[in-house]
Each structure stands twice: as structure tokens, then as C-alpha cells.
Amino acid sequence: MANKTISKEISLQWFTQQLMSWNKVKNKRKMPWKGEKDPYKIWLSEVILQQTRVEQGLDYYNKFIQYFPTIIALAEAKEEQVFKLWEGLGYYSRCRNLLHTARFIVFELEGKFPTEYEAILKLKGVGPYTAAAISSFAFNLPYAVVDGNVFRVIARYLGIDTPIDTLEGKKQFTALAQQLLDHNQPGRYNQAIMDFGATVCKPALPNCSNCMLATHCHAFLNTQVNQYPIKTKIINRKKRWIYYMVFHYKDAIGIRQRQQKDIWQGLHEFYSVESTTSIQWNEETILQWLQEQLNLKTASVLYISSISKQQLTHQQISSQFIHIKIKQLPMHLGGLIWIKESDIREFAFPRIITAYLESLHIKKPKMVIK
């Protein structure tokens with residue numbers, strides 16, 4: 001099946017319009033620094049959230065603001081006090097840079113936080129992402145943030161195959177992020193795309209059925225949501241969890257060929273959901289996922305297998321097979337090839353799948369669990 005594409009120019013403009021509308025009407029994500037204009041507090045929140053989950057960073061941010069409400073208070077604080085508050089966050093170089101930069105701004109710049117992107121970027125411990133966040137949130141400057149959420153949303157929406165962990169990928173995604181940016185409201189736009197990636201276009205279990213971008217999203221229209229974004233360093237992952245959704249429709253099952261430059265390229269598989277951590281599936285969570293990602297409301301769960309593992313040279317694969325009966329074919333499962341169960345031996349699969357199929361046929365005369 002040929003990929004479904006949409007004019008890039010129309011697609012980019014429509015993306016921004018839809019995202020800003022979603023942010024205004026549906027974005028309910030609350031964080032203490034949202035809408036903040038004080039560059040010190042914005043900078044503090046960004047430093048704390050580097051390599052730290054939002055849930056964990058919230059308490060630290062609130063404590064820092066309580067003890068050091070201004071950049072002057074932080075600059076004049078004793079190192080022991082600052083490091084004690086930081087305790088548990090890890091990556092202590094962030095804390096050292098935070099204190100160094102606070103003192104530089106207070107004692108060298110007379111307490112005036114830089115107001116231009118290039119000047120902010122020169123501060124110790126501040127990279128392009130943090131500089132763009134401070135510039136847009138505090139000073140309404142037109143600089144797009146590019147973080148993991150942004151990479152994922154853009155890669156899926158436009159179907160970008162360039163790996164995000166390469167120099168070429170970073171340049172391409174930065175340029176695209178800048179094109180998509182609402183230059184009249186850069187701060188609101190940046191917050192919107194990050195919130196959207198965190199709450200709707202999530203890594204492993206995105207809520208595609210409630211996504212206003214789905215009708216134009218390359219990954220969604222081509223059944224590739226779980227394949228983006230692309231990374232070259234995927235081989236360095238020590239552990240990977242792959243959950244195979246075995247869709248049964250009438251007397252056929254859905255399979256597809258792996259196209260991405262990764263393990264098992266060219267071999268076939270069932271519809272897959274990959275995660276960097278274990279997902280606990282049960283009938284309730286499966287039905288919820290089917291409705292949220294695929295808008296399937298009449299499906300039924302036939303069988304959930306135990307966990308299978310395969311050790312490759314550089315990584316361990318854990319897999320689980322979930323058999324699902326569907327009554328109609330939604331358009332966003334169009335990327336699957338529907339074959340008869342009796343024909344499955346004619347297709348090449350990774351060993352972890354063939355081993356499962358062999359064990360299943362030993363236990364049951366047919367694949368379908370009834």
C-alpha cells in the first residue's frame with residue numbers, strides 16, 4: 001500500500017492552527033511555571049526538568065522557589081544549602097551550573113537576566129532548548145523548542161525517517177520546528193506542543209482517537225505510529241519490550257513487513273507496540289488502548305500470552321502476544337496485510353514470533369483462541 005501524503009505547505013499551516021486551537025480549548029495540563037514570565041523561574045524549571053520526570057521535579061521546583069524566590073537569593077545562598085535542596089535529583093553538574101550562572105548574572109550582569117537568545121545561550125549550562133524556552137516564554141521571542149516531545153510529534157505527523165539522534169536529524173527537526181512555530185505567540189505554541197506530546201502524542205500509548213491531528217498525521221494514516229521517531233542508536237538499548245497485537249478479522253489475521261532500519265528489517269510481524277519499559281496489559285487496559293489509539297469500540301480480547309524473551313547480541317527482547325477480534329476494518333489499520341491463518345507459514349517472521357506460533361499450534365489446533 002502506498003503511503004498517504006498531504007501537501008507539506010498545507011500540512012504545516014494546518015498543524016499550527018490545530019495545535020493552538022487544542023491548546024486554547026482542551027489543554028488542561030497544569031504546572032506551576034506555565035504562564036510564568038520571570039526568566040529566573042523559567043530557567044530554574046528547565047534546569048530541574050533536564051533528565052528528570054515532571055512528577056519528580058515539581059516538588060524540587062516548589063522548594064527552590066520557597067527558599068530562593070529570586071535569582072539574587074540563589075546567588076547569595078551557601079553552596080551546602082543549594083546542594084542539600086538538590087539532593088536526590090542526581091546529575092549534580094546541573095546544580096553546579098545553576099549556582100555558577102546565578103552568581104554570574106547577579107555579580108557580573110548586575111542582576112539583569114539576558115533578554116536576547118544568543119546572550120542566554122552563552123550562559124553556562126544553557127543549551128539551545130533551554131535558551132529557546134526562556135526566550136519564548138519570558139520575552140516572546142520566536143524560537144522553537146526542540147525536545148523529546150517535539151521530536152516525536154513532528155516525526156509522526158510528517159513521517160520523518162531521518163534519525164533524531166544524528167546531526168542531520170537535529171538540523172532537520174530544528175528547521176521544521178521553526179517553520180511550525182506560531183511567531184505571534186511563540187511561548188504559548190512551545191508550551192502547547194510540549195503538553196501535546198506529553199498528554200496525547202505519548203511515546204508508547206498515544207491517544208490517537210482523540211487527536212485533532214490524526215486526519216493529516218502520516219504515521220496514523222499509514223499505521224506507523226509506533227515506529228516514529230527513528231533512532232540510529234536503538235541497538236544500544238539493553239532491554240526492549242515489544243507487544244504484538246494479533247488482529248483477527250473474520251478468518252484472517254493482520255501482518256505487516258518491518259521497513260525501518262532496525263532488527264528484523266524485511267521480516268513480517270503483527271501490529272506492534274514498543275516500549276522502553278514493561279507495560280502491564282489486561283483486558284481493561286487493552287480495550288482502553290484500542291479505543292484511544294485505534295478508535296475500536298467493538299473489539300474483544302481473545303487471549304493474552306505470557307512474556308517471551310530473546311537475547312540478541314546487544315539487547316534483550318521481551319515480547320507478548322495479544323489476540324484481538326475485530327468486527328470491522330478501520331482505515332488506520334490499512335497498513336496491515338490480511339492473510340488466512342493457514343497461509344502464515346509462507347511469510348518470514350523473526351524467531352521470537354515463529355517460536356510463539358509453534359508453541360501455540362502445539363497447544364491449539366488453530367491460532368485463534370476461542
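**Entry 1: K250**

I began with K250, whose place is in the loop between β1 and β2 (252-257); strands (E, at least two residues) and helices (H or I, at least four) are DSSP runs, numbered from the N terminus. The model is a predicted one, in which local features need pLDDT of at least 70 and side-chain atom pairs count only at pLDDT 80 or more, while totals for chains, interfaces and linings use all residues. Residues are numbered from 1 along each chain as its sequence is written, and side-chain values use heavy atoms, with hydrogens and water left out.

I noted that K250 has a positive phi of about 55°, although K250 is not a glycine. Is K250 buried or exposed? I found K250 to be exposed, because its relative accessibility is 60%. In these notes buried means under 20% relative accessible area, exposed over 50%, and partly exposed in between (1.4 Å probe, protein chains only).

**Entry 2: W264 and P229**

I then turned to W264, in the loop between β2 and β3 (268-269). W264 is not a glycine, yet its phi is positive, near 65°. With a relative accessible area of 13%, W264 counts as buried.

For P229, I looked at the backbone. The peptide bond that leads from Y228 to P229 is cis, and its omega is near 0°. I placed P229 in the loop between α12 (218-221) and β1.

**Entry 3: strands**

I followed β1 (residues 239-249) to its pairing with β4, which is antiparallel and has five bridges; strands pair if DSSP finds at least two bridges between them. Which residue of β4 is the bridge partner of Y244? I read it as S272.

I also examined how β4 (residues 271-275) is covered, and five of its five residues are buried. Y271, V273 and S275 point one way from β4, whereas S272 and E274 point the other way. Residues on both sides of this strand are therefore covered, since all of those named are buried.

Next I looked at β6 (residues 308-311) and β7 (residues 316-326), which run antiparallel and are joined by four bridges. A hairpin of four residues links β6 to β7, and Q310 stands opposite I317 in β7.

**Entry 4: Q50**

I located Q50 in the loop between α2 (39-49) and α3 (54-67). Q50 counts as partly exposed, at 22% relative accessibility. Which residues does Q50 contact, apart from its neighbours within four places in sequence? I listed R94, G125 and T130, where contact means heavy atoms within 4.5 Å. R94 is 44 residues from Q50 along the chain, and their C-alpha atoms are 8.3 Å apart. The side chains of Q50 and T130 share a polar contact of 3.3 Å; such a contact is a pair of N or O atoms within 3.5 Å, one able to donate a hydrogen and the other to accept it, and adjacent residues count only if both atoms are side-chain atoms.

**Entry 5: D195**

I found D195 in helix α11 (residues 186-199). D195 is buried, because its relative accessibility is 0%. The side chain of D195 makes a polar contact of 2.9 Å with that of N27. Not counting residues up to four places away in sequence, D195 touches W22, N27, R29, M31, K34 and V200.

**Entry 6: cysteines and the cavity**

I searched for disulfides (cysteine sulfur pairs within 2.5 Å) and found zero. Why does C211 form no such bond with C208? C208 holds the closest cysteine sulfur to that of C211, but at 6.4 Å it is too far for a bond. I also looked up C95, which is buried, with a relative accessible area of 0%.

I counted one cavity of 30 Å³ or more. On a 1 Å grid over the protein atoms alone, a cavity is a set of points where a 1.4 Å probe fits but cannot get out, and lining residues have an atom within 4 Å of a point. The largest cavity holds about 110 Å³, a volume being the space filled by probe spheres set on the points, which are joined across faces, edges and corners. Its lining has 15 residues, with R156, C201, C208, C211 and C217 nearest its centre. Helix α9 (residues 148-158) gives the most to this lining, with three residues.

**Entry 7: the whole chain**

I closed with the protein chain, which has 14 helices and eight strands. Its C-alpha atoms fill a box of roughly 80 × 45 × 35 Å along the principal axes. Of its 370 residues, 52% count as buried. Among contacts between residues at least 6 apart in sequence, I noted that 69% join residues at least 24 apart.

Definitions and conventions: 1 Å grid on protein atoms, 1.4 Å probe; cavity = no way out; pocket = protein on both sides within 12 Å on 5 of 7 lines; lining within 4 Å.
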